[in-house]
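User: Please take a close look at a single part of this protein. I am a first-year student, so keep the sentences short and explain the terms.

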Amino acid sequence: MKSFIKNYYSIGIIMAAIIGLTMWIQYNNYIESIKMEVENTIDSRLDYMASEINGHIQRNQKALEAVESFILIEKDEEKIIDFMQALMTSNPTFQSIYFGTPENKMINGSGFIPPATFDLLARPWYIAALNENKHIITRPYLNASKDKWIVTLAKPVYDHQNRLLGVVAGDSLLESTLNLLEEQKISDESYTFLLDNDRNVLLHPDYENMTDLTLSLGDLSVDLLTELSKNKNGIILTSLDGVIGYVGWRTFDDSGWVIGGFAPMSDFVNQRLQNMTIFLITALSTTIILFVVFILQKKYVINPISELDEDIQKISVDKNVTYRLPIKPGDPFSDLRTTTNKVLEKTEDYFKTMNKNQKALKNANKDLYATLQQLTAVEEELRSQNDELVENKQALEVSERKNRAIIEVLPDIIFILNEEGIFLDCLVNQEDMLYTKKEHFMNKALSEIMPESIVVIGMRAIHQAMNTGQLQRFEYALEIEGKQHYYEMRMIKFMDQGVLSIVRDITEQKQDQIRIEKLSYHDQLTDLYNRRFYEEEQRRLDVPRNLPLSVMMLDVNGLKLTNDAFGHLVGDQLLLHVAKVIKDHCRLDDIIARIGGDEFIVLLPKTDTREAKRIADRIRKGALEQKMDNVVISVSIGCATKTIEDQLISDVFISAEDQMYREKLTESQSMRNKTIQVIIKALNEKSAREKVHSDQVAHLCQEMGKAMNLGAQTLNELVTAGHLHDIGKIAIRDEVLNKSDRLTEQEYEEVKKHSESGYLILKSVDTYSSLAEDILSHHERWDGQGYPRGLKGTEIPLIARIISVTDAYEAMTSQRLYKATFNHKEARAELRKHAGTQFDPEIVNIFLDHNIGL
């Protein structure tokens with residue numbers, strides 16, 4: 001009977017599998033056929049429309065190229081206009097064709113005459129054509145009457161010597177293109193749309209009344225916009241306005257426009273036909289399944305029962321009491337046949353003795369009947385137990401699938417350990433998350449696998465969880481492949497088997513925590529401690545056992561001057577060099593911090609004033625020994641010491657700061673003077689021309705000062721200013737300062753800033769601060785059109801006006817990189833020409849009358 005039951009359930013499982021597989025195959029074949037039909041239809045229509053639109057654009061571009069060729073061979077504007085009008089007549093899509101020159105002149109085939117205020121060079125199509133240096137297409141816009149959409153096609157025109165003659169352009173109507181797209185609708189519910197290169201909608205059934213407002217593709221479908229950003233061409237199944245269908249698109253390489261089409265599923269699938277198809281498929285599948293079921297039932301159920309019935313019918317006490325039921329291999333009723341045969345044997349024995357002892361036969365029959373009843377009861381009990389086992393097995397499989405699903409989505413590793421720390425089980429969704437392979441640690445103790453420090457913590461947590469039943473949690477670190485990894489382990493008592501342990505990788509969180517802690521206590525540039533950490537350490541160290549406690553204040557001399565002269569990147573390098581010097585000459589227990597832009601502080605516990613000053617001297621010496629291109633490294637240092645408990649650490653800080661500032665007053669100016677000399681040397685090394693130029697301007701200034709009878713002090717200042725007037729050029733990049741070609745507009749703006757840079761450099765040095773204003777103003781003009789402040793006339797300092805004349809004269813008569821050199825006669829004529837506009841006319845007259853520079 002067990003074999004019979006097993007076959008019964010096997011048949012049921014086979015039936016279910018056949019039904020599901022048949023329906024799944026039919027459904028996929030149906031969907032695939034629809035998808036292929038939609039893709040073929042949309043592909044063919046998009047290819048046609050893309051070809052038509054590309055052809056339209058290329059025809060218009062060919063027309064512009066024809067105008068370009070005509071302009072190169074014909075200079076008569078009337079003939080050019082006639083040629084443009086002939087092209088517009090042959091190509092009605094052109095509303096107008098025109099040609100604009102760099103001189104703001106326009107030749108327009110439509111007869112349009114721009115107003116006097118019309119700035120041709122500021123038109124978007126003109127700018128775009130020059131920037132791209134090829135055919136360009138603007139985004140669509142409404143014409144002046146706001147009734148038609150147009151785009152502008154343009155391209156630059158160069159002569160045979162590659163000189164720019166202008167830009168030829170044409171305004172093309174989109175009406176024919178839009179009509180073409182409208183005619184290509186697949187059905188009443190489908191539609192075609194057109195996008196420009198900014199993904200704005202040009203044609204869409206919900207956007208028919210076009211205005212100058214812009215409808216973005218993102219307003220229609222975010223999903224489609226996302227796909228367009230990934231793929232230039234494609235087809236996807238999506239839902240637009242609640243309608244499910246397919247969207248296909250093509251992108252034009254030249255213009256960046258996108259042509260697309262939407263086709264609802266309903267255009268391709270007839271619902272009634274679909275339902276009928278599904279019904280027929282279901283009916284056919286059901287018929288096949290029933291037929292298979294019938295065959296299987298006949299083979300494994302009906303035939304065995306029929307054979308058993310036939311064999312039982314042959315049993316006859318009257319005719320043949322010795323008959324036995326045949327037993328066949330694989331017969332599901334073999335157990336029943338065996339039992340029956342045993343009964344028949346006993347029956348035969350009973351019949352043999354029946355005549356001898358009727359009473360014994362009756363008793364034997366009673367025993368036989370009782371045995372049959374017992375067998376039946378046992379069989380029913382076994383059947384019930386088997387049903388229960390099957391149900392329990394199914395429930396267990398469902399539970400296991402749920403648990404496995406939970407484990408697969410968890411980023412954790414689950415262990416089960418007994419009270420001795422032996423691994424009993426492990427659940428993990430990815431094997432590479434494990435510290436070692438599962439077969440290497442299963443049924444082994446924690447102490448055999450993990451480092452001793454982790455074993456101690458882990459065993460303590462296991463015992464705590466077993467004894468208290470409460471959740472235990474701890475963190476630990478492991479070095480894996482040379483990298484530090486951090487983990488969190490949670491343990492809870494698990495029935496009476498041991499503990500359930502969940503391990504989570506918290507490396508990223510731990511590293512973020514360490515990084516945040518470092519950022520909160522360290523200076524980002526120098527990696528020294530910051531003010532916050534210093535203040536906390538000051539409170540911690542301000543205790544009697546650290547006395548004497550010394551405080552050392554340090555200030556980087558000339559940081560601002562270095563930033564102004566060489567830039568903030570060099571200033572940052574200066575700070576890094578100073579930080580290195582301080583670290584190299586302080587002790588491990590000393591607390592070093594950067595508390596301001598150029599200020600550092602050092603806390604020295606258990607250090608008296610004498611020792612603190614020795615350390616300060618080492619730092620000063622180390623700073624002087626540090627080498628840094630074109631920069632003088634110098635620090636001012638002040639020290640103070642707390643020697644008694646009642647003394648306030650804030651008073652010690654103030655005392656150290658005062659000493660530092662006193663030293664800075666004497667050291668800073670000396671260092672700045674050295675820096676000025678370093679800057680001059682560096683400038684001369686960057687450009688040998690600058691040294692010659694500065695010496696010549698200073699010489700001319702000296703001659704001018706004598707001619708003007710200036711006082712000795714003023715004359716000395718004038719000559720010094722002549723030497724230093726271009727010191728701000730140290731901030732100009734080498735490739736710009738020594739460029740042999742004409743400067744670009746951006747490079748010229750960079751050069752113009754040198755007067756401001758020179759002002760900032762000299763202003764910070766007392767020796768030269770009185771000249772800073774003159775250096776700032778030496779490029780101002782007498783008419784107020786100079787830079788950087790636009791000063792006018794006598795608002796410009798006298799020395800700056802003199803340098804303006806001598807600087808210009810020297811520049812004109814010396815060898816220049818990208819301008820022709822003037823002889824003295826030509827240069828003097830230039831000075832006379834610009835007297836009263838660029839130069840002070842009185843100074844120019846003195847210069848010319850006294851033959852300065854000859």
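Analyst: Here is a close look at one loop residue, followed by the cysteines and the confidence of the model. The model is predicted: local features need pLDDT of at least 70, side-chain atom pairs count only at pLDDT 80 or more, and totals for chains, interfaces and linings use all residues. Residues are numbered from 1 along each chain as its sequence is written, and side-chain values use heavy atoms, with hydrogens and water left out.

Start with Asn-443. This residue sits in the loop between helix 10 (438–441) and helix 11 (446–449). Helices are DSSP runs of H or I, at least four residues, and strands are runs of E, at least two, numbered from the N terminus. Asn-443 is exposed, at 59% relative accessibility. Buried means under 20% relative accessible area, exposed over 50%, and partly exposed in between (1.4 Å probe, protein chains only). Beyond its neighbours within four places in sequence, Asn-443 contacts Ile-422 and Phe-423. A contact means heavy atoms within 4.5 Å. Leu-417 is 26 residues from Asn-443 in sequence, and their C-alpha atoms are 9.0 Å apart.

Now the cysteines. Cys-426 is buried, at 3% relative accessible area. Cys-586 is buried too, at 12%. The whole structure has zero disulfides. A disulfide is a pair of cysteine sulfur atoms within 2.5 Å. For Cys-586, the nearest cysteine sulfur belongs to Cys-639, 9.7 Å away.

Last, confidence. pLDDT is the predictor's confidence in each residue, from 0 to 100. The protein averages 79, and 82% of the residues score at least 70. Residues 209–213 stay under 50. Where pLDDT is low, the predicted coordinates should not be read in detail.
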